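Colleague: Hi, have you got a moment to walk me through this one? I'd like to get my bearings before I set anything up.

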Amino acid sequence: MSAPAHSDKKYLFRLHKPREECGLFGIAGSSDAAAHTALGLHALQHRGQESAGIVSFDGKRFYNERELGLVGDIFGDPAVIARLKGSCSIGHVRYSTTGETIKRNIQPLFAELGCGGFAVAHNGNLTNGRALRRDLVRRGCLFQSTTDTEVIIGLMAVSGQPSVVDRLADALRQVEGAYSLVALTEGSVIGVRDPLGVRPLVLGKLGGAYMLASETCALDIIGAEFVRDVSPGEMVVLDANGLTCHNPFPVQPRRFCIFEHIYFARPDSVVEGTSVYDARTRIGRELARESHVPADVVIPVPDSGVPAAIGYAAEAKVPFELGIIRNHYVGRTFIEPTDHIRHLGVKLKHNTNRARIAGKRVILVDDSIVRGTTSIKIVEMVRSAGATQVHMRISSPPTTHSCFYGIDTPERDKLMAARQTIDEMTKTIGVDSLAFISIDGLYRAMGMRGRDANRPQFCDACFTGEYPIPLTDRDGGSLQPQLSLLSGSG
Ligand code: AMP
């Protein structure tokens with residue numbers, strides 16, 4: 001029997017989760033540029049599983065390979081890597097933050113500009129991309145993709161600046177939103193972070209080659225050393241002269257995305273000077289200090305809840321157990337063979353480890369509740385494995401607002417915490433008690449005295465509704481985070 005067509009969504013089980021954002025890698029001056037880039041992207045696969053692409057330059061021409069699918073499937077073939085010639089390359093893994101899954105949206109995007117060939121890959125989301133695009137179309141610009149990233153190319157195309165670096169800076173001064181970018185020109189690899197530094201980007205070095213990556217885990221995989229974070233608003237140019245830094249934007253207080261620490265980044269990465277694993281365990285400790293109840297066992301919802309649960313259990317002095325086991329081989333989509341199977345609500349991803357649960361008062365630790373789907377399923381499972389009590393502890397404050405800066409969250413009315421009080425959520429999820437870390441507790445775990453209401457140190461809009469960058473497209477129209485024609489890049 002042949003598999004149903006991809007478009008036949010009826011037969012596709014999609015995990016009921018919001019989706020990841022994007023991952024970036026770029027390297028200059030390496031005899032193995034494409035292979036290093038593929039390995040870097042492999043380490044960043046958790047940031048996007050929809051598509052991957054690499055563009056390289058060998059001093060004469062650009063080469064590109066972009067496909068839907070996972071990095072290993074696309075770049076595992078040495079023949080594909082061999083086609084990507086040259087000592088400079090950039091790459092991208094993508095899970096679109098909005099919009100369609102189409103091949104022409106796969107990054108890096110490429111264009112021939114007046115100043116030469118230019119490829120760019122973007123992590124984040126522009127909040128005035130739609131308005132800029134309308135204007136560019138009116139001025140005669142052609143667009144081939146529906147990603148907001150192409151607006152940056154459009155702005156560069158019409159810029160009067162002479163050099164590619166100046167054109168890029170000129171374009172970025174007109175965009176609003178969150179972005180980390182890696183770009184490839186006919187002689188350099190460029191990395192930029194938006195002025196608030198919402199999305200991550202780090203600089204590394206291997207021998208004589210400099211590289212850029214979303215997270216340090218992508219440096220580790222190729223044995224590169226971590227040099228430093230690219231600063232908010234900084235543009236770094238890697239070329240034959242080594243490394244040059246530019247600061248084309250006025251300095252602003254940094255507002256790194258706190259959700260990277262809570263959920264997105266890999267726990268073995270060091271982000272903005274902080275080990276993600278350590279941050280998560282400290283958040284778990286703080287959560288225990290704020291809301292512990294008597295219990296027999298602390299169980300994480302794997303994998304993302306594990307470090308916080310370790311911290312919670314240590315602080316509460318309650319045994320930590322792997323009471324839920326995750327199947328790591330579940331793809332993003334799974335074709336359910338029959339209606340009967342579909343209605344079973346199969347435990348595709350998680351199963352309980354009964355012996356560790358039966359007869360026990362359980363504290364379940366997860367990093368976030370978005371729609372609530374995961375929690376409802378997990379709690380049902382833990383109860384049917386014989387738990388006498390189930391208390392849920394969440395290592396983030398309630399997610400009450402959508403992200404417009406590159407993390408894929410559903411529209412506000414689909415967020416459980418935007419629609420229900422904690423008491424209502426407790427009933428809906430079916431737990432004996434439910435508690436989230438407080439916003440001040442979260443900041444304390446990050447090493448601060450609490451959230452400075454006048455000058456918050458992170459972007460925490462998903463928990464507070466305080467958006468640090470204007471939402472021009474949303475406020476000027478009816479743009480929903482997931483429903484615009486113009487896709488986010490991830
Ligand atoms: P939900 O089932 O919608 O409540 O989603 C909550 C679960 O999704 C938690 O277990 C999180 O680990 C995970 N999660 C939270 N935010 C995201 C995101 N933006 N993308 C993917 N997964 C997420």
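**Helix 1 and onwards**

Modeller: Sure, let's start with helix 1, where Ala33, Ala34, His36, Thr37, Ala38, Gly40, Leu41 and Ala43 are buried. Keep in mind that this is a predicted model.

Colleague: How many of the residues of helix 1 are buried, then?

Modeller: Eight of the 11, with the helix running over residues 33-43, so helix 1 is largely enclosed by the rest of the structure.

Colleague: Okay, and what does the whole chain look like in terms of helices and strands?

Modeller: There are 17 helices and 25 strands in the chain. Of its 490 residues, 57% count as buried. The accessible surface comes to about 19800 Å², and carbon and sulfur atoms hold 51% of that.

Colleague: What share of the contacts is between residues 24 or more positions apart?

Modeller: Taking contacts with a separation of 6 or more, 70% of them join residues 24 or more positions apart.

Colleague: Back to His36 for a second. Which residue in strand 10 touches His36?

Modeller: That's Leu206, which sits in strand 10, residues 202-206. Leaving out residues up to four places away in sequence, Leu206 touches His36, Met211, Ile222, Gly223 and Ala224.

Colleague: Is Leu206 buried, partly exposed or exposed?

Modeller: Leu206 counts as partly exposed, because its relative accessibility is 25% and the buried class stops at under 20%. If you want a distance to check, the C-alpha atoms of Leu206 and Glu225 are separated by 6.3 Å, and these two residues are 19 apart along the chain.

Colleague: Changing topic: what's the strand order in the open sheet?

Modeller: The six strands run in the order 6-7-8-9-13-14, with antiparallel pairing. Strand 6 (109-113) and strand 14 (242-246) are at the edges with a single partner strand each, so one side of each has no neighbour in the sheet. From one strand to the next, the twist averages 20°.

Colleague: And how does strand 14 pair with strand 13?

Modeller: Strand 13, residues 235-239, pairs with strand 14 in the antiparallel sense over five bridges. A hairpin of two residues joins strand 13 to strand 14. As for individual partners, Met235 stands opposite His246, and Val236 has Cys245 as its bridge partner.

Colleague: Nice. Which residues have the most contacts inside the largest nonpolar core?

Modeller: Ile258, Phe259, Ile262, Val298, Tyr312 and Tyr405, in a core of 43 residues. Several elements each supply at least two residues of this core, including helix 8 (258-264), helix 9 (276-291), helix 10 (306-316) and strand 22 (361-366).

Colleague: Where does that core lie with respect to the domains?

Modeller: Domain 1 (8-255) and domain 2 (275-450) both contribute residues, so the core lies between them. There is also a second, separate core of 30 residues, with Leu126, Ile153, Leu155 and Val192 among them.

Colleague: You mentioned Tyr405. What is Tyr405 in contact with?

Modeller: Setting aside neighbours within four places in sequence, the contacts of Tyr405 include Gly124, Asn125, Thr127, Ala178, Val198 and Arg199. Cys459, Tyr467, Pro468, Ile469 and Leu471 are among the contacts of Tyr405 too.

Colleague: Last one: is Asp475 buried or exposed?

Modeller: Asp475 counts as exposed, at 54% relative accessibility. This residue is in helix 17, residues 472-476.

Colleague: And how far is Asp475 from Asn128 in space?

Modeller: They are 9.8 Å apart, C-alpha to C-alpha, with their positions 347 residues apart in sequence.

Note on methods. Residues are numbered from 1 along each chain as its sequence is written. This is a predicted model: local features need pLDDT of at least 70, side-chain atom pairs count only at pLDDT 80 or more; totals for chains, interfaces and linings use all residues. Side-chain values use heavy atoms; hydrogens and water are left out. Two strands pair if DSSP finds at least two bridges between them. Helices (H or I, at least four residues) and strands (E, at least two) are DSSP runs, numbered from the N terminus. Axes are lines fitted to C-alpha atoms, for helices over the stretch in contact, and angles run from 0 to 180 degrees between N-to-C directions. Buried means under 20% relative accessible area, exposed over 50%, partly exposed in between (1.4 Å probe, protein chains only). Contact means heavy atoms within 4.5 Å. Accessible areas come from the Shrake-Rupley method with a 1.4 Å probe; for residues, only the protein chains shown count as cover. A nonpolar core is a set of buried Ala, Val, Leu, Ile, Met, Phe, Trp, Tyr and Cys residues joined through side-chain atoms within 4.5 Å. Domain bounds come from an automatic or database domain assignment.
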